[in-house]
Amino acid sequence: MWLERMIEIFAALEYSEERQITFAVFQSDGPARAWWNMVQRRWEREMVTRTWENFVREFNSKFIPPVVQEKRVEAFIRCRQGAQSVAEYETQFTKLSRYAPVFVGTEPMRIQRFIRGLNVELQESLAAVPATTYGEAVERALRVESAKALVKNFQAKRKVPSGFGRGAVESSAPPPKFGRGMGGPSGCRPPRGGVARGSGFRGAPSGGTTSGRGQGRSEVAGGSSGQACDFCGKSGHPVETCWKKNGRCIRCGSAEHLAAGCPGPKKEGEASGSGNKPKVPARVYSLDQQPVPDPSDIIEGTIP
């Protein structure tokens with residue numbers, strides 16, 4: 001932690017290597033100062049260059065156990081970008097490279113090791129024009145990452161159609177169905193039988209809601225007017241005397257049978273809807289097989 005703190009101070013104040021060593025020695029005391037005096041005399045005897053890299057190597061060999069240092073070196077070798085951003089990868093790369101100075105001894109080695117840990121698509125973009133400095137390599141990697149993110153977002157927006165969302169999904173749902181005799185909203189599909197046959201169109205009649213099948217036929221056939229029954233929808237009688245509500249025959253008023261099984265004769269003017277239609281004898285249609293004279297006349301296809 002002390003060494004990392006020193007490096008942060010050097011980066012902020014832009015110290016030279018000679019001044020970095022002088023400041024680090026000034027911050028040391030006790031056993032650390034005695035250790036540095038011994039190292040300094042050995043450097044003078046062996047004529048070792050006073051560089052920050054040599055100082056870090058001597059510091060690691062003294063104050064970091066070999067087992068821990070080996071693990072840090074292995075972590076630096078395995079350092080890859082993966083799911084991290086370029087900024088996060090660069091921070092981890094710089095932190096671990098302090099424990100493996102032999103792999104980043106020169107600027108080209110440092111650049112090569114940094115680019116090798118990037119993702120493949122970033123390596124491909126940086127391989128066209130090699131970087132001359134480590135800072136340039138980091139800046140170009142950040143720019144390429146930002147450009148690829150913009151392209152990815154643009155392609156994702158093109159795949160989603162405009163207006164697609166919760167409202168579009170709800171609008172594509174089928175309209176609600178209305179039962180017989182129930183009124184639907186204006187402009188919606190009317191219930192089956194809500195418009196009298198022969199009117200010439202299948203939409204809702206102007207002036208409000210559609211009506212049920214029985215009401216439409218009654219109004220067309222009989223031409224009656226007045227308030228409609230709230231139970232069966234037909235006009236001409238109140239809900240209290242409704243034959244359908246009371247379960248009585250519409251012809252004779254008996255509660256023992258309905259109009260379909262009434263033994264009595266039909267009333268004059270009773271016919272409505274289907275009563276005006278002429279009776280047609282029943283027909284039976286049959287299908288048989290016949291040989292095809294020329295198979296080339298057969299037209300094949302898919303009926304939409």
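## Exercises on helix packing and cores

What covers the buried residues of α2 includes α1 (2-13), α3 (31-46) and α4 (52-63), and the exercises below, which refer to a predicted model, start from that helix.

**Exercise 1.** Determine which residues of α2 are buried and on which side of the helix they lie.

*Solution.* The first step is to list the residues of α2 (residues 17-27) that fall under 20% relative accessible area, and these include Q20, I21, A24 and V25. The second step is to look at their directions around the axis: they cover an arc of only 130°, and therefore they lie on the same side of α2. The third step is to examine the other side of the helix, where R19 and F26 are exposed.

**Exercise 2.** Carry out the analysis for α1, and compare its span with the expected one.

*Solution.* Begin with the geometry: α1 has 12 residues, and from its first C-alpha to its last it reaches 17 Å, which is close to the 16 Å expected at 1.5 Å a residue. Next, identify the buried residues of α1, namely L3, M6, I7 and F10; because they cover an arc of only 100° around the axis, they are on the same side of α1. Then ask what covers them, and the answer includes α2 and α4. Finally, inspect the residue that follows α1, which is E14, with a positive phi near 55°.

**Exercise 3.** Describe the largest nonpolar core and the surroundings of F114, one of its residues with the most contacts inside it.

*Solution.* The largest nonpolar core has 21 residues, and those with the most contacts inside it are F93, F114 and L118. Sorting by element, two or more residues each are given to this core by α5 (66-77), α6, α7 (107-116), α8 (120-126) and α9 (134-159), with α9 supplying the largest share, five residues. For F114, once neighbours within four places in sequence are left aside, the contacts are V86, Y89, E90, F93, Y134, A137, V138 and A141. A second, separate core has 16 residues, among them I7, Y15, I21 and W43.

**Exercise 4.** Decide whether S97 is buried or exposed, and find what its side chain reaches.

*Solution.* Locate S97 in helix α6 (residues 86-97). Its relative accessibility is 4%, so S97 counts as buried. The side chain of S97 reaches the backbone oxygen of T94 at 2.8 Å, and, not counting residues up to four places away in sequence, S97 touches F76, V104 and R110.

Notes: Residues numbered from 1 in each chain as written. Predicted model: local features only at pLDDT ≥ 70, side-chain atom pairs only at ≥ 80, totals over all residues. Heavy atoms only, no water. Helix = DSSP H or I, 4+ residues; strand = E, 2+ residues; numbered from the N terminus. Buried < 20%, exposed > 50% of the residue type's maximum accessible area, 1.4 Å probe, protein only. Polar contact = N/O pair within 3.5 Å; in protein donor to acceptor, adjacent residues only side chain to side chain. Contact = heavy atoms within 4.5 Å. Arc of directions from axis to C-beta. Core = buried A, V, L, I, M, F, W, Y, C linked by side-chain atoms within 4.5 Å. Expected span 1.5 Å × (residues − 1).
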